[in-house]
Amino acid sequence: METAENNKFVYEFGKFSLDPQEKTLFSDGLAMHLPPKEFETLLLLVENNGRALSKDEMMASLWQDAFVEESNLAKQISRLRKIFNGDGAARIETLPKHGYRFSADLRQTYSEAERPVILERRTVKRVTVAYQDDADDRFLPPAVAETQRSIGWRRSSFQSLIFLVVLLGLVGSLSYLRFSSSSEDPVKGSAVRSVAVLPFKGVGAEDGNEHLQLGLTDALITKLSNLKNVIVRPTNAVRGYAAREPLAAGRELSVEAVLDGNVQRIGEQIRVTVQLVGVRDGRLLWGGKFDEKFTDIFSVQDAIAEQVAQAIEPGLTGEERSLLAKRYTTNADAHHAYVRGRYFWNKRTAEDLKEAVKHFNEAVARDPNYALAYVGLADTYSLFADYLSAPASESYDKARSSALKALELDDGLAEAHTSLAFVKMSYDWDWQGAETEYRQAIALNPNYATARHWYAEYLAAMGRYDDAIAEIRRAKEIDPLSPIINAGEVWILYFARRYDEAIEQGAKLIERSTEFAEVHEYLKRCYDQKGMYREAIAARQMRRKLAGLDPTQTDAIKRAAAAESQEIYWKSRLEQEIADSQREPPFAFDMAEIYSQLGDKDKAFEWLEKAFEERTYTLMYLKVAPNLDPLRSDPRFTDLLRRGGLLF
């Protein structure tokens, strides 16, 4: 059995070698400097050697958290071509109106003395071919099909004949059911506890059916997330891995197994082929092929989910079986609209939230009984007051109404309880009610990352920092690449006064998600507390730029950045906030914080009263906000805590 260490490998072609682990390209043994995005582009091409990659696929994989111009990809390709120019070992081909294809004779060499596998068309990990009941390998899972072709091309006629005999014996042993599957025993002593369902790929003439592929992927993620002892990466986490080699994707997603497959639709028939592969050693844990009428796609989803669940967790409870069989909607278009809504919701900008509402409303229009779509509406409306400066009463009323509708349709839906908990926490200030709903949501689905994220914020607001940090880190285990959850850890560490840890975590997130605005707001507050004014202003300006606000370097901003005292810094900040208020409505809570730091208590309480009138979201942190510390000894502050129900 291989160990994790033994899985280290490099790609070799001509005088070049590419080390994915060290993120380095070597030429004749000498390391070449490649900027991070350029290296990622090359690795994506190499992992898909011989395969045509569309521009959309590549951009979705390389810029998961940002919308960028197509010219960015063209620039990366141009730079890489200069590296290989005249060498002949590799070339990057432009496919007009489609994308690019990398072509090379690749060797995948492992750290072990194992003989390397030479692959002419595409580099893949060796996979046990557990079944084949159709001569057309287009219907095989991608890695199995490629391995099959690679092996077949290199065997002598005698070896091919032996392989065919063995293959026919396997075919004869299969039952001709509506679907067929095969599996191996799970790795002894090591149950699978984390899985990533990679985006399904299209095959054949109608391979552009994105709705079908994305809908199937999300449906399986939703179903498998009901397994209490298995962490399943959310849809948003896997979206950018459509073009990645499965085992490489699994390593990046830090999971023990990946579910990879493809979909082919021919007229009214649909064929889905799937494989569950262990990331550690490339072992095929289960594989299946499903043939159905297109109208029975939900039956295919049910069958795949049940068999994958059995493969990774044989002792399913009755409750888990029931949840696996549960259908949240039978309208494929409604489901796809919901998936698109969640994509925009996760981006957390004003424009994206508006786009999310459009898709969730479309889902409801197509299926008025689709509870998850109402959850999507509730979660989006809950953010309107904070991100769009919409009236809190209007936004939260819509959020509450949508959450209650979802619960009316399905009171066992963890997502709906989470949505209602957020309204109770952020607007109603019903602290006990909010905690009850959060606990109910987590009991129903322990692996729902958003429930744990928002519950962590609740715990921080209550001053229960250790519990809050444990909860947000549990959310990160479930969805480690989520920008908003990683930013949530920074936010909670800030309230816990653990500023250095918060800054460290924020820096890691920025390296990975360069276009995510909110983390810069959280970092600004940490820098404020440490007296790092230049860094605080830099974070403020970056957040405004990414959020589409005016980031002009005014005289006040320059003075704040160069401030050598707390008084100069906060006075300059106040001057800028007053200037900004001519164009943007000021945030009452933020103004109260500035006056608090300046020692002007009367003005601070005046703005806190406005925050109460508006029921500002951040007012839930009244009890713990560091910038309000100068006010805590004032009886007026105690009265505010009492009115907010925070004296307990």
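These legends accompany three close-up views of a predicted model. Local features need pLDDT of at least 70 and side-chain atom pairs pLDDT 80 or more, while totals for chains, interfaces and linings use all residues. Residues are numbered from 1 along each chain as its sequence is written, and side-chain values use heavy atoms, without hydrogens or water.

**View 1. Strands S6 and S7 form a hairpin.** Here S6 (residues 90-95) runs antiparallel to S7 (residues 99-104), with six bridges joining them. Strands are DSSP runs of E with at least two residues, and helices are runs of H or I with at least four, numbered from the N terminus; two strands pair if DSSP finds at least two bridges between them. Look for Arg91, whose bridge partner in S7 is Ser103. Three residues separate the strands, and Lys97 in the turn has a positive phi of about 60°.

**View 2. Helix H11 (residues 332-347) and its two ends.** At the N-terminal end, Asn331 acts as a cap, with a side-chain oxygen 3.0 Å from the backbone nitrogen of Asp333. Just past the helix, Arg348 has a positive phi of about 60°. In between, 13 of the 16 residues of H11 are buried (under 20% relative accessible area, 1.4 Å probe, protein chains only).

**View 3. The second largest pocket holds about 640 Å³ of space.** Its lining counts 39 residues, and Pro234, Thr235, Tyr338, Glu415 and Tyr448 lie nearest the centre. A pocket is an open set of points on a 1 Å grid over the protein atoms alone, where a 1.4 Å probe fits, with protein on both sides within 12 Å along at least five of seven lines; lining residues have an atom within 4 Å of a point. The volume is the space filled by probe spheres set on the points, which are joined across faces, edges and corners. H11 returns here, giving the most to the lining with six residues.

How values were computed. The expected span of a helix is 1.5 Å times one less than its number of residues. Buried means under 20% relative accessible area, exposed over 50%, partly exposed in between (1.4 Å probe, protein chains only). A polar contact is a pair of N or O atoms within 3.5 Å; within protein, one must be able to donate a hydrogen and the other to accept it, and residues adjacent in sequence count only if both atoms are side-chain atoms.
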